[in-house]
Amino acid sequence: MDKLFGDLKGFFKVRRVKDTNRVIVVDNFIFRLHYRITIVILIAFSIAVTGRQYVGDPIDCISKDDIPNELLDTYCWITTTFSVEDAWKKEVGKEVPYPGIQKYTKGEKRIYHAYYQWVCFVLFLQALLFYVPRYLWKNTEHNKIENLVMEFGSPIECAENNPKTKLLVYYLKENMSYHTFYGSMFVLAELLNFINVLGQIYLMDTFLGGEFTTYGTEVLSFTEWDYSLRYDPMIKVFPRMTKCTFHRYGSSGDVQKHDAMCLIPINILNEKIYIFLWFWFIILTVLSALQLAYRTAIIILPKIRFYILRAKNQKIDPHELDVVLRRCDRNDYFVLNLLSKNMTPCNFKILIHELALTLTDEKRV
């Protein structure tokens, strides 16, 4: 387990340029929350559940009959256990031995529990889905910014009349209005992040029988533990004690029914996992929505682009920056913004200065 969790450290590695060891940034913090932090969380939870489920003892069933315990445990695990809905709010110790556990009578509604066998697989599937937008953007970006930045990320490489600055200025001038696919794919990836996290909430709600969307609010409202009722919403979604019915032939050849009570220790872990995921996904949804609102403002309000780049580098001449941005569309600005994240302020100031001069001279001609 230590080795498995240790391997997750690779997800936190940042992309660095060979030989210079500089970090290349081609996205934003909220984007990284999706493909880096969330994936690590989901895979870590999947590993924890897998270890507890397939290495530990996920279920223990007891019965007064002569059925071997190992056989009963295996049978109840691979089939389904159940709770009786009418027994959820009865008094523990007097009416029922545990919430949801009572003698079943014909006509009562049973709630079957089989999802816990699939938790580790669903968590891993969710991790894969969170990586899809990152995969699309990574294949679109294809080291473009790294190749454009060259050595301009180094503080000691800051000088005017640098031939490589001329090359970068030439590229930006000649490719203005040709970054549509590049910029649009990043916007699409951000939109997919938002759609994905909403879809994940719906997926988990379906997986847990419609209980996930209200799971967090019900847990928050459960402020006073009543040990006589123990009507804890976490226990309802992830019962720690359930029932199982085992059928076999008796000595006379008739079918005999044997009731068993099953303790499911793995649900103690599952309930903590899903309450954390409820809060995490809500936070991620809100942040992703704010990021989309920010991206929309940048697209429809060009003046915001000026203030963003000006705030990142106060050394830039406002007039020169205005000259450059007037010729750039939203996708050209996106490239400039990524360059500003990866270049030193001195080098980016020189770039804007040279680009403004080039565009001004071109306009005069």
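**Cavity, patch, strands and salt bridges**

Visitor: What is the volume of the largest cavity?

Guide: The structure is a predicted model in which local features need pLDDT of at least 70 and side-chain atom pairs count only at pLDDT 80 or more, while totals for chains, interfaces and linings use all residues. Residues are numbered from 1 along each chain as its sequence is written, and side-chain values use heavy atoms, with hydrogens and water left out. A search of the whole structure finds four cavities of 30 Å³ or more (sets of points on a 1 Å grid over the protein atoms alone where a 1.4 Å probe fits but cannot get out; lining residues have an atom within 4 Å of a point). The largest cavity has a volume, counted as the space filled by probe spheres set on the points, of about 70 Å³.

Visitor: Which helix gives the most to the lining of the largest cavity?

Guide: The lining residues include Gly183, Val187, Arg295, Ile298 and Ile299, and also Arg330, Asn331, Tyr333, Phe334 and Asn337. At least two lining residues come from each of α7 (180–207), α10 (266–300) and α13 (330–342) (helices are DSSP runs of H or I of at least four residues, strands runs of E of at least two, numbered from the N terminus). With five residues, the leading contributor is α13.

Visitor: Which helix supplies the largest share of the nonpolar surface patch?

Guide: The patch covers about 750 Å² and is made by Phe124, Leu125, Leu128, Leu129, Tyr131, Val132, Tyr135, Leu136 and Leu203. Its members have over 30% relative accessible area and no salt bridge, with nonpolar side chains joined within 5 Å; areas follow the Shrake-Rupley method with a 1.4 Å probe. Eight of the patch residues come from residues 119–141, which form helix α4.

Visitor: Is Phe124 buried or exposed, or does it lie in between?

Guide: Phe124 is found in helix α4 and is one of the residues that make the nonpolar patch. Buried means under 20% relative accessible area and exposed over 50%, with partly exposed in between. Because its relative accessibility is 43%, Phe124 counts as partly exposed.

Visitor: Which residue of β5 is the bridge partner of Ile62?

Guide: Strand β1 (residues 60–62) and strand β5 (residues 255–263) run antiparallel and are joined by three bridges (two strands pair if DSSP finds at least two bridges between them). On its other pairing, β5 meets strand β4 (residues 241–249) in the antiparallel sense over nine bridges, and there Lys243 stands opposite a residue of β5. That residue of β5 is also the partner of Ile62, namely Met261.

Visitor: What is the phi of Asn143?

Guide: Asn143 lies in the loop between α4 and α5 (144–149). Its relative accessible area is 36%, so Asn143 is partly exposed. Although Asn143 is not a glycine, its phi is positive, at about 65°.

Visitor: What is the phi of Ser177?

Guide: Ser177 lies in the loop between α6 (163–174) and α7. Ser177 counts as partly exposed because its relative accessibility is 44%. Ser177 is not a glycine, yet its phi is positive, at about 75°.

Visitor: Which residue forms a salt bridge with Arg32?

Guide: The structure holds eight salt bridges (a side-chain nitrogen of Lys or Arg within 4 Å of a carboxyl oxygen of Asp or Glu). Arg32 is partly exposed because its relative accessibility is 23%, whereas its partner is buried, at 4%. The two belong to a network of salt bridges that also holds Arg134. With the closest N and O atoms 2.7 Å apart, the partner of Arg32 is Asp27.

Visitor: How far apart are the N and O atoms in the salt bridge of Asp322 and Arg326?

Guide: Asp322 and Arg326 both lie in helix α12 (residues 318–327), four residues apart, about one turn of the helix. Asp322 counts as partly exposed because its relative accessibility is 21%, and Arg326 is exposed because its relative accessible area is 67%. Their side chains meet in a salt bridge with an N to O distance of 2.7 Å.

Visitor: How far apart in space are Lys236 and Pro99?

Guide: Lys236 lies in helix α9 (residues 233–237). Its relative accessibility is 27%, so Lys236 counts as partly exposed. Lys236 and Pro99 are 137 residues apart in sequence, and their C-alpha to C-alpha distance in space is 8.0 Å.

Definitions and conventions: Patch = residues over 30% accessible without salt bridge, like charges linked within 9 Å, V, L, I, M, F, W, Y side chains within 5 Å. Buried < 20%, exposed > 50% of the residue type's maximum accessible area, 1.4 Å probe, protein only. 1 Å grid on protein atoms, 1.4 Å probe; cavity = no way out; pocket = protein on both sides within 12 Å on 5 of 7 lines; lining within 4 Å.
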